[in-house]
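Here are some exercises to work through with the model open beside you. Try each task yourself, then walk through the solution.

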Amino acid sequence: MSTSKTTGGATLGPTRAISLIARREITTRVRTRSFLITNALMLVLIIGGLIVASIFTGGDDKPEKIGVVGTNAALSQSITQAGALSGTAVEVVPLADAAAARTQVDAGDVSVALGTGAVGGPAYTAITKDGLSGASETIVRTALAQLAQRETLARSNIDPASFNDEQQAASALQVTQTKPDKPDEGQRLAIAYVGVILLLFAIMTGGGMVSAGVVEEKTSRVVELLLATIRPLHLLWGKILGIGAITFGQLVVLGGAGLITASVTGVLTVPSAAISMLGAVVVWFLLGFLFFAILYAATGAMVSRQEELGSTAAPLTILSIGVLYAGIFGINSLDSSFIKALSWIPPFSASLMPMRIAAGETNTVQVVGTIVIMIAACLVAVWVASRVYQRSILRTGSKVSWSEALRGSKTEEKATPTPVG
């Protein structure tokens with residue numbers, strides 16, 4: 001079977017051929033025991049890890065419990081007001097006497113217990129287990145200062161309410177921010193950050209499956225049977241779309257399970273404004289995966305043994321790690337000139353643009369412009385990979401270099417496919 005007959009004797013239409021190859025990739029790979037076991041373990045780890053995280057991180061929003069010895073309504077009211085001023089929820093626990101206060105503090109039921117001091121000594125005493133510090137110290141000292149102020153004003157026949165109104169008016173403060181707050185920025189950045197991590201995971205797993213699958217078919221000579229009825233490009237696209245669908249479905253299941261578990265357990269709260277970021281993340285995820293997957297397929301066609309795949313795919317691996325690092329380290333300086341410029345350059349835009357969109361550092365022109373440039377880069381990658389794949393897929397023996405595959409003439413002369421039948 002010559003190369004011309006192989007590429008010219010196709011009997012299936014493009015859509016039919018691509019769909020058949022894609023279905024073949026999906027059905028054969030998702031039924032393997034390793035695939036099922038790996039994904040089941042990952043699902044258990046994600047759900048179990050989030051449940052454990054909710055157990056250890058839960059309770060941070062519990063109110064600060066402060067005990068008050070005896071009946072002191074003024075002190076209890078002052079503690080509640082001090083908690084409101086500091087933004088901390090406070091629960092005042094009434095205690096019968098000093099003995100009960102020590103018992104509650106030792107048991108950890110209250111962080112601190114307040115009572116009146118002895119005659120001639122401090123006005124109040126605080127009973128704690130490990131000293132007065134943190135939120136409880138702030139609340140207690142603020143409450144006692146406010147209570148002392150009210151008592152002093154009352155002794156001077158000054159209405160505390162009127163005094164507080166005048167004091168607040170005299171100390172009124174207007175805050176002007178040079179960089180206004182962006183609602184839900186943290187949640188949007190979290191979604192974009194997870195999208196970048198998932199993109200690298202998809203590139204490493206999906207791209208690896210594409211290149212390894214090409215080498216496997218080439219080594220077993222199955223590709224020569226397939227090319228008797230299917231054009232090389234149809235085989236290439238069927239493999240990419242099939243494995244791409246598996247990878248995307250895998251991430252949807254794992255990510256969806258993690259998102260639902262995190263929402264149910266209270267580990268993560270995703271507002272509706274942050275959900276809109278998912279659309280941008282999905283677009284850039286698909287473009288980034290296509291760019292790398294098509295090139296990984298070309299690397300598989302350039303070698304004849306699995307052992308040679310690592311060195312041939314090394315430039316793509318280094319580039320994909322660079323894309324990941326750009327997103328991880330660039331998150332702290334998304335408004336810098338370097339990151340702004342780098343976000344226009346494919347494939348780095350696949351990790352940086354979702355971050356910049358989440359942080360509100362872009363406009364419509366930048367978003368559309370970078371998408372157009374990334375699509376153009378994907379088309380260039382398709383053109384390069386198509387030439388390499390068609391010229392190298394039937395080549396056996398020594399490894400084909402990138403320059404040799406792109407030149408093509410020597411590769412085609414050396415191609416010696418084994419006749420079928």
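Helices (H or I, at least four residues) and strands (E, at least two) are DSSP runs, numbered from the N terminus. Before you start: this is a predicted model, where local features need pLDDT of at least 70, side-chain atom pairs count only at pLDDT 80 or more, and totals for chains, interfaces and linings use all residues. Residues are numbered from 1 along each chain as its sequence is written, and side-chain values use heavy atoms, with hydrogens and water left out.

**Exercise 1. Get the overall picture.**

Task: work out how many helices and strands the protein has, and what share of its residues is buried.

Solution. Start with the secondary structure: the protein has 18 helices and four strands. Next comes burial, where buried means under 20% relative accessible area, exposed over 50%, and partly exposed in between (1.4 Å probe, protein chains only). By that rule, 38% of the 421 residues are buried. For the surface, take accessible areas from the Shrake-Rupley method with a 1.4 Å probe; for residues, only the protein chains shown count as cover. The protein exposes about 22000 Å², and 63% of that comes from carbon and sulfur atoms. Finally, look at contacts (heavy atoms within 4.5 Å). Of those between residues at least 6 apart in sequence, 75% join residues at least 24 apart.

**Exercise 2. Decide where to trust the model.**

Task: find which helix has the lowest confidence and which has the highest.

Solution. The yardstick is pLDDT, the predictor's confidence in each residue, from 0 to 100. Its mean over the protein is 81, with 87% of residues at 70 or more. Helix 1 (residues 3–8) sits at the bottom with a mean of 41, while helix 14 (residues 337–342) tops the list at 93. Now check the ends. Residues 1–10 stay under 50, and the model gives them 19 contacts beyond four places in sequence. Residues 409–421 are also below 50, with 22 contacts beyond near neighbours in sequence.

**Exercise 3. Put the annotation on the model.**

Task: see what the spans 190–215 and 236–261 look like in the model.

Solution. Begin with the record: an unreviewed UniProt entry annotates residues 34–56, 190–215, 236–261, 273–297, 309–331 and 365–385 as "transmembrane region". UniProt positions are in the numbering used here, feature names are shortened, and annotations may be inferred rather than shown by experiment. Then test two of the spans. Residues 190–215 are 100% helix and 0% strand, with end C-alpha atoms 37 Å apart. Residues 236–261 are likewise 100% helix and 0% strand, and their end C-alpha atoms lie 37 Å apart.

**Exercise 4. Follow helix 8.**

Task: say whether S211 is buried or exposed, and what R188 comes within 7.5 Å of, C-alpha to C-alpha.

Solution. S211 is in helix 8. It counts as buried because its relative accessible area is 2%. Skipping residues up to four places away in sequence, S211 touches Y296, T299, G300 and L309. R188 is in helix 8 too, and its relative accessible area of 14% makes it buried. R188 and A359 are 171 residues apart in sequence, yet 7.5 Å apart in space, C-alpha to C-alpha.

A359 turns up again with L334: those two are 25 residues apart in sequence and 7.8 Å apart, C-alpha to C-alpha. L334 lies in the loop between helix 13 (309–330) and helix 14, and counts as buried because its relative accessibility is 6%. Beyond four places in sequence, L334 has contacts including L189, M355 and A359.

**Exercise 5. Compare two buried or exposed sites.**

Task: classify R29 and N157.

Solution. R29 is in helix 2 (residues 14–30). With 18% relative accessibility, R29 is buried. Its contacts outside four places in sequence are F35, M209, G213, I243 and I246. N157 is in the loop between helix 6 (134–155) and helix 7 (160–170). N157 is exposed, since its relative accessible area is 73%. Check its backbone as well: phi is near 60°, a positive value in a residue other than glycine.

**Exercise 6. Spot the cis bond.**

Task: find which peptide bond has omega near -5°.

Solution. Go to the loop between helix 14 and helix 15, where P347 lies. The bond from P346 to P347 is the cis one, with omega near -5°.
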